[in-house]
Structure formats: structure tokens, C-alpha cells
Amino acid sequence: MPARTAEVDRRARAVRAIVLDVDGVLTDARLYYGPRGEALKAFSARDGFAIKLAQREGLVVALLSGRVAAPVRARCRDLAIPARLAIQGSGDKAADLRRLARRLGLGLTELAFVGDDLPDLPALVLAGLAACPADASAEVIARCHYVCSARGGRGPVREVITRVLEAQGRWQRCVEAAEAGTLRVVASDARRSKGGRDGRRT
């Protein structure tokens, strides 16, 4: 069962990096193919903005996916997630979560992992904060500390990042900066190359 609010907050306060599955978390789990068989994916701009906000606040964001897809590499470039923190084609998510922790010099209790289906369970049971979208599999929901109200591809990453920043006492500061018109997130290289100025919509 999902943990109580106090337990979620305790775990969220320790988080220094947020690791995300892709299909079913950053997307709605549907797979789209173009006329030549190329994979296409739709991502939430709200999730993207939250990722940039997390980075602005000093949190690391990484990806851990069982599939390999070119759109994921493009999205990582847009969000300035380095290749070494974007693992695709994972056949052992527990081992790869440990690998990410070593690369970051963090303990597993300092990682949040957001997944949605059975292949994510090995990583979810290791992470200090395990979270999932509202439409995750029943087995995943039963083992997560935090179950989002948002469905996959519809803002669960925004929700998890908000919860972590709230627990760490940073969210209200971000809201106040937004109200004052002083909230800025770093634009990605891809956006700068297209003439973007402040990268606030990702």
C-alpha cells in the first residue's frame, strides 16, 4: 500500500536524483509508428518544465527504459539530460539503477524512481522513494510509496517533482518566483539553437 504522507515526505526529503521510466511514465504507454516504421512518442510539456525546474533546484534527473527509441534521445537533448544518465534497452533495471547511483555518487535511498509496470519492480523496491502514475499496474501500485493522481504521459513526473520540492521546502519559493516573474530555468542546447530565450516551456 502507498505510504502515509509523513513517510512519503521523509523519503522525499532525502531525494537527490529522480530516475524515470519512459513508456507509461513520460508517455501514455501507447506506441506510435510512422509510415516508415519509425517510432514516435508524445511527451508532456508540463513534465518537461518540471524536469527543468528540478534541475534548477539542484536535483539530478535520469532516465531508465527497457526500450530503445530515437525520440527519447531527442527529448533528453531538449531537457539537457546527459547520455550517461539516460539508459535505454535495460534488461536489468535493478542493476542499472545501482549503476546510476554509482555514477552520481549517491546511495539508493537518495534516489526516487518512477515506474509503471512489472519490469520496473526491481528498481522500485530499491529506490528510497518509489512512485508511479495513477494507471500503473496493480502490482506496482501496491509496492509504491507514492501513487500519483495523474496518469502516464499526463503529468505524473510534474507531480512527483512537486512533491519532492514541497518536502524539501523549495516549492513555495518556486511559486513565489513565478508570481514575481523571476522564475527562470536553463534552456537546453537544442532550444537555444532554435532561438529560444529562456526555455520556460519545455
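# Exercises on a predicted model

In strand β8, V147 is the bridge partner of C132. The model is predicted.

## Exercise 1: the sheet

Task: Work out which strands form the open sheet, and which stand at its edges.

Solution.
- Start with the pair β7 and β8. Strand β7 covers residues 129-132 and is joined to β8 by two bridges. These two strands run parallel.
- Now widen the view. Six strands make up the open sheet, and the pairing is parallel. Their order is β5-β4-β1-β6-β7-β8.
- Read off the ends. β5 (86-87) and β8 (146-147) are the edge strands. Each has a single partner strand, so one side of each lacks a neighbour in the sheet.

## Exercise 2: two helices

Task: Find how α1 and α7 pack, and which residues meet.

Solution.
- Take the geometry. Helix α1 (residues 5-13) packs with α7 at an angle of about 85°. The axes are 8 Å apart.
- Classify the angle. Angles of 65 to 115 degrees count as roughly perpendicular, so α1 is roughly perpendicular to α7.
- List the residues. From α1 come T5, V8, D9, A12 and R13. From α7 come R163, V164 and A167.
- Sort them. The contact has four nonpolar residues, one polar and three charged.

## Exercise 3: R163

Task: Decide where R163 lies, and whether R163 is buried or exposed.

Solution.
- Locate the residue. R163 is part of helix α7, residues 156-167.
- Check the accessibility. The relative accessible area of R163 is 16%. Buried means under 20%, so R163 is buried.
- Look at its surroundings. Setting aside neighbours within four places in sequence, R163 contacts T5, V8, D9, A12 and Y146.

## Exercise 4: the core

Task: Identify the residues that touch the most other members of the largest nonpolar core.

Solution.
- Count the core. It has 59 residues.
- Pick out the best connected. I18, L20 and I51 touch the most other members.
- Find the main contributor. Helix α7 supplies the largest share, six residues.
- Follow L20. Beyond four places in sequence, the contacts of L20 include I51, L64, F113 and V157.

## Exercise 5: D116

Task: Place D116, and say whether D116 is buried or exposed.

Solution.
- Find the segment. D116 sits in the loop between β6 (111-114) and α5 (121-124).
- Test the burial. D116 has 12% relative accessibility, so D116 counts as buried.
- Compare sequence and space. D116 and V25 are 91 residues apart along the chain, yet their C-alpha atoms are separated by 6.5 Å.
- Add the contacts. Beyond four places in sequence, D116 touches V25, and also D21, D23, G24, P133, A136, S137 and V140.

Note on methods:
Residues are numbered from 1 along each chain as its sequence is written. This is a predicted model: local features need pLDDT of at least 70, side-chain atom pairs count only at pLDDT 80 or more; totals for chains, interfaces and linings use all residues. Side-chain values use heavy atoms; hydrogens and water are left out. Helices (H or I, at least four residues) and strands (E, at least two) are DSSP runs, numbered from the N terminus. Buried means under 20% relative accessible area, exposed over 50%, partly exposed in between (1.4 Å probe, protein chains only). Contact means heavy atoms within 4.5 Å. A nonpolar core is a set of buried Ala, Val, Leu, Ile, Met, Phe, Trp, Tyr and Cys residues joined through side-chain atoms within 4.5 Å. Axes are lines fitted to C-alpha atoms, for helices over the stretch in contact, and angles run from 0 to 180 degrees between N-to-C directions. Angles under 35 degrees count as roughly parallel, over 145 as roughly antiparallel, 65 to 115 as roughly perpendicular and the rest as oblique. Ala, Val, Leu, Ile, Met, Phe, Trp, Tyr, Cys and Pro count as nonpolar, Asp, Glu, Lys and Arg as charged, and the others, Gly among them, as polar. Two strands pair if DSSP finds at least two bridges between them.
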